Amino acid sequence: MTHPLRVAVLGATGRMGAQTCAALEAADGLELVARVGRGEDVGAAVRAARADVAVDFTVPAATEANVHAVLDAGAHAVVGTTGWDDDSRRRVAEHLGRLNAARGVAEPDLGVLIAPNFGLSAVLAMTFAARAARYFESAEVVELHHPDKVDAPSGTARHTAAAIARARAEAGLGPMPDATEAGIEARGADVDGVRVHAVRLRGLVAHEEILFGNVGEQLVIRQDSFDRVSFMPGVLLAVREVGSRPGLTVGLENVLDLS
Ligand code: NAP
């Protein structure tokens, strides 16, 4: 990749998009070359700006189409928008496979990095939760956010719950104890067998608690993001790293050295 890295921001008028634009303008070796708003042709904007990387902080309904357009424009994508599922991730991975197979030897392979959370405290909480999961009979996730958030449960909470479920399956643990017969709707969302509860409260930013229980003991892992600025070191790291990670990467933990 050439230097400085040319970066476009999709959803530039939004809360995260505006913060990302400010962080890019203050960062060494990165150049903000396009602020792309709702209704603009993403592919045309990325091409016109000759962006190397596009960062997407838009809405769940738009993010997948944006990523396909960014890839067709020949740029890498860093995605913070939530709303991704197995199908949308598979479609992006297949698109990357087709494009990268067709690229010339002089062109670096394209990469997409989707991070449900760019906050270090959140990524560490998820990582620690996945490691703890095998040792507990019960596990539940509570995510707490500002009331302007449009999706629930949060992508971070889904990602955390899925990681807990994987760790439990690998350890041979069965379903968690739960005698609920009536009022199942009060038990939160079921993400791969792990219950996830979403709180929306004015004054909050982004917070997560992972509760683990055994007979006679409890472990609570909690992280709090008080300000959107806390996401920016993770966003800038992803922007710098995505070009050296061909294909699809999901989760900032794969970029941080957490071994
Ligand atoms: P926001 O303030 O509502 O901003 C959303 C942006 O998307 C605005 O610029 C909006 O444009 C634009 N937009 C709306 N509809 C669109 C469409 N159909 N096509 C293209 N653009 C559209 O939201 P936010 O708080 O910045 O959050 C954005 C996303 O990032 C959410 O999914 C949120 O959950 C996620 N998020 C992720 C992290 C992380 O660490 N991964 C952290 C915080 C938030 P207008 O201004 O014209 O409406």
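**Figure 1. Strand 6 pairs with strand 8 and strand 9 in this predicted model.** Six bridges link strand 6 to strand 8, and the two strands run parallel. One pair in this ladder is Leu144 with Val199, the latter in strand 8. Toward strand 9 the sense changes: strand 6 and strand 9 are antiparallel, with eight bridges between them. Here His145 faces Ala206 of strand 9. Strand 6 covers residues 138-145. Six of its eight residues are buried, so strand 6 is largely enclosed by the rest of the structure.

**Figure 2. The five-stranded sheet is open and mixed.** Its strand order reads 7-8-6-9-10. Strand 7 (189-191) and strand 10 (217-225) are the edge strands; each has a single partner strand, so one side of each lacks a neighbour in the sheet. From one strand to the next, the twist averages 20°. Strand 9 spans residues 206-214 and is joined to strand 10 by nine bridges, in the antiparallel sense. Ala206 has Ser225 of strand 10 as its bridge partner. Ala206 also stands opposite His145.

**Figure 3. Helix 5 packs on the five-stranded sheet.** Helix 5 comprises residues 120-132. It touches strand 9 and strand 10. The direction of helix 5 makes about 160° with that of strand 10.

**Figure 4. Helix 6 lies across four strands.** These are strand 6, strand 7, strand 8 (194-200) and strand 9. Helix 6, residues 155-170, runs at about 170° to strand 6. Its length fits the ideal rise: at 1.5 Å a residue, 16 residues should span 22 Å, and the end C-alpha atoms are 22 Å apart. After the helix comes Gly172, with a positive phi near 80°.

**Figure 5. Helix 6 is largely enclosed by the rest of the structure.** The reason is its burial: 12 of its 16 residues are buried, that is, under 20% relative accessible area. Among them are Gly155, Thr156, His159, Ile164 and Arg168. Several alanines are buried in this helix too, including Ala157, Ala161, Ala162 and Ala163. What do the buried residues of helix 6 pack against? Their neighbours are helix 5 and strands 6, 7, 8, 9 and 11, the last at residues 247-250.

**Figure 6. The six-stranded sheet is open and parallel.** The strands are ordered 2-1-3-4-5-11. Strand 2 and strand 11 sit at the edges with a single partner strand each, so one side of each is left without a neighbour in the sheet. Neighbouring strands are turned by 20° against each other on average, direction ignored. Strand 11 also appears among the elements that the buried residues of helix 6 pack against.

**Figure 7. Strand 4 pairs in parallel with strand 3 and strand 5.** Strand 3 (residues 53-56) and strand 4 are joined by four bridges. Val53 stands opposite His76 of strand 4. Strand 4 (residues 76-79) makes three bridges with strand 5. In that pairing, Val79 faces Ile114. Strand 5 covers residues 111-114, and both of its faces are covered. Gly111 and Leu113 lie on one side, Val112 and Ile114 on the other. All four are buried.

**Figure 8. Arg38 occupies the loop between strand 2 and helix 2.** Strand 2 runs over 30-36 and helix 2 over 42-48. An unreviewed UniProt entry annotates Arg38 as "binding site". Is Arg38 buried or exposed? Its relative accessibility is 86%, and the cut-off for exposed is over 50%, so Arg38 counts as exposed.

**Figure 9. The protein is divided into two domains.** Domain 1 is made of 5-114 + 229-255, and domain 2 of 120-226. Their centres, taken over C-alpha atoms, are 28 Å apart. In the contact between them, 10 residues of domain 1 meet 11 residues of domain 2. The unreviewed UniProt entry places "domain: Dihydrodipicolinate reductase C-terminal" at residues 122-256. Over that stretch the chain is 27% helix and 30% strand. The end C-alpha atoms of residues 122-256 are 13 Å apart.

Definitions and conventions:
Residues numbered from 1 in each chain as written. Predicted model: local features only at pLDDT ≥ 70, side-chain atom pairs only at ≥ 80, totals over all residues. Heavy atoms only, no water. Pairing = 2+ DSSP bridges. Axes fitted to C-alpha atoms, helices over the stretch in contact; angles between N-to-C directions. Contact = heavy atoms within 4.5 Å. Expected span 1.5 Å × (residues − 1). Buried < 20%, exposed > 50% of the residue type's maximum accessible area, 1.4 Å probe, protein only. UniProt positions renumbered as here; feature names shortened; annotations may be inferred. Domains from an automatic or database assignment.
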